[in-house]
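I opened this notebook page to record what I looked up in one structure, going from the whole chain down to single residues.

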Amino acid sequence: LNDLAGRSFNDLAQYPVMPWVIKDYHSVTLDLDDEATFRDLSLPIGALQPQRLAALKKRCQQMREVAQEVDDDEDSADCYTQRPFLYGTHYSTPAYVAHFLVRSAPDLSL
């Protein structure tokens with residue numbers, strides 16, 4: 001996956017993605033032949049819990065409404081260019097990567 005996407009260990013902004021595929025975090029050992037061990041890969045992470053998906057959709061709708069109000073207001077500056085979105089973060093930012101690296105090898109950090 002990471003090789004095909006052209007990601008590299010040399011640039012923290014392109015650090016390889018570790019897909020979240022395990023769902024069972026309670027068992028002492030994982031049965032990799034059991035489908036219940038893995039999350040539903042047909043859905044994005046934000047849609048795995050219906051309550052979270054509903055909250056994300058509600059926020060997206062509110063952003064659409066605000067954008068429409070700004071567009072309708074003749075006195076407002078034409079500076080609202082943010083498009084509505086479901087997910088407000090990216091999975092591979094340098095800060096997340098640095099945090100992961102420090103936690104995976106704490107004795108090597110400053």
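The entries below begin with the chain as a whole and then turn to a surface patch and to individual residues.

**Entry 1, the chain overall.** I noted first that the model is a predicted one. I looked up the secondary structure and found 3 helices and 0 strands in the protein chain, so that entry could be written as the pattern α-α-α when read along the sequence. I then checked burial, and of the 110 residues in the protein chain, 15% are buried. For the surface I recorded an exposed area of about 9,300 Å², of which carbon and sulfur atoms supply 56%. Turning to contacts with a separation of 6 or more, I found that residues 24 or more positions apart account for 35% of them.

**Entry 2, a nonpolar patch.** I asked which residues make the nonpolar surface patch of about 450 Å². I listed Trp20, Tyr25, Leu43, Ile45 and Leu48 as its members, and I followed two of these further.

Leu48 sits in the loop that runs between helix 1 (2–5) and helix 2 (50–72). Its relative accessible area is 30%, and I therefore entered Leu48 as partly exposed, since that class lies between under 20% for buried and over 50% for exposed.

Ile45 is also placed in the loop between helix 1 and helix 2, and I entered Ile45 as partly exposed because its relative accessible area is 31%. I next looked for what Ile45 touches when residues up to four places away in sequence are not counted, and I found Trp20 and Arg39. Ile45 and Trp20 are 25 residues apart along the chain, and their C-alpha atoms are separated by 8.1 Å.

**Entry 3, Asp24.** I located Asp24 in the loop between helix 1 and helix 2. Is Asp24 buried or exposed, and which side chain of opposite charge is nearest? I found that Asp24 is buried and has no salt bridge, with Lys23 as the nearest side chain of opposite charge, 9.0 Å away. A salt bridge needs the charged nitrogen and the carboxyl oxygen within 4 Å, and so I did not enter Lys23 as a partner of Asp24 at its 9.0 Å.

I did find a polar contact for Asp24, made between its side chain and the side chain of Ser27 at 2.5 Å. Leaving aside neighbours within four places in sequence, I recorded Leu30 and Thr37 as the residues in contact with Asp24.

Key:
Residues are numbered from 1 along each chain as its sequence is written. This is a predicted model: local features need pLDDT of at least 70, side-chain atom pairs count only at pLDDT 80 or more; totals for chains, interfaces and linings use all residues. Side-chain values use heavy atoms; hydrogens and water are left out. Helices (H or I, at least four residues) and strands (E, at least two) are DSSP runs, numbered from the N terminus. Buried means under 20% relative accessible area, exposed over 50%, partly exposed in between (1.4 Å probe, protein chains only). Contact means heavy atoms within 4.5 Å. Accessible areas come from the Shrake-Rupley method with a 1.4 Å probe; for residues, only the protein chains shown count as cover. Patches are made of residues with over 30% relative accessible area and no salt bridge: like charges are joined within 9 Å, nonpolar side chains (Val, Leu, Ile, Met, Phe, Trp, Tyr) within 5 Å. Lys and Arg count as positive and Asp and Glu as negative; His and the chain ends are not counted. A polar contact is a pair of N or O atoms within 3.5 Å; within protein, one must be able to donate a hydrogen and the other to accept it, and residues adjacent in sequence count only if both atoms are side-chain atoms.
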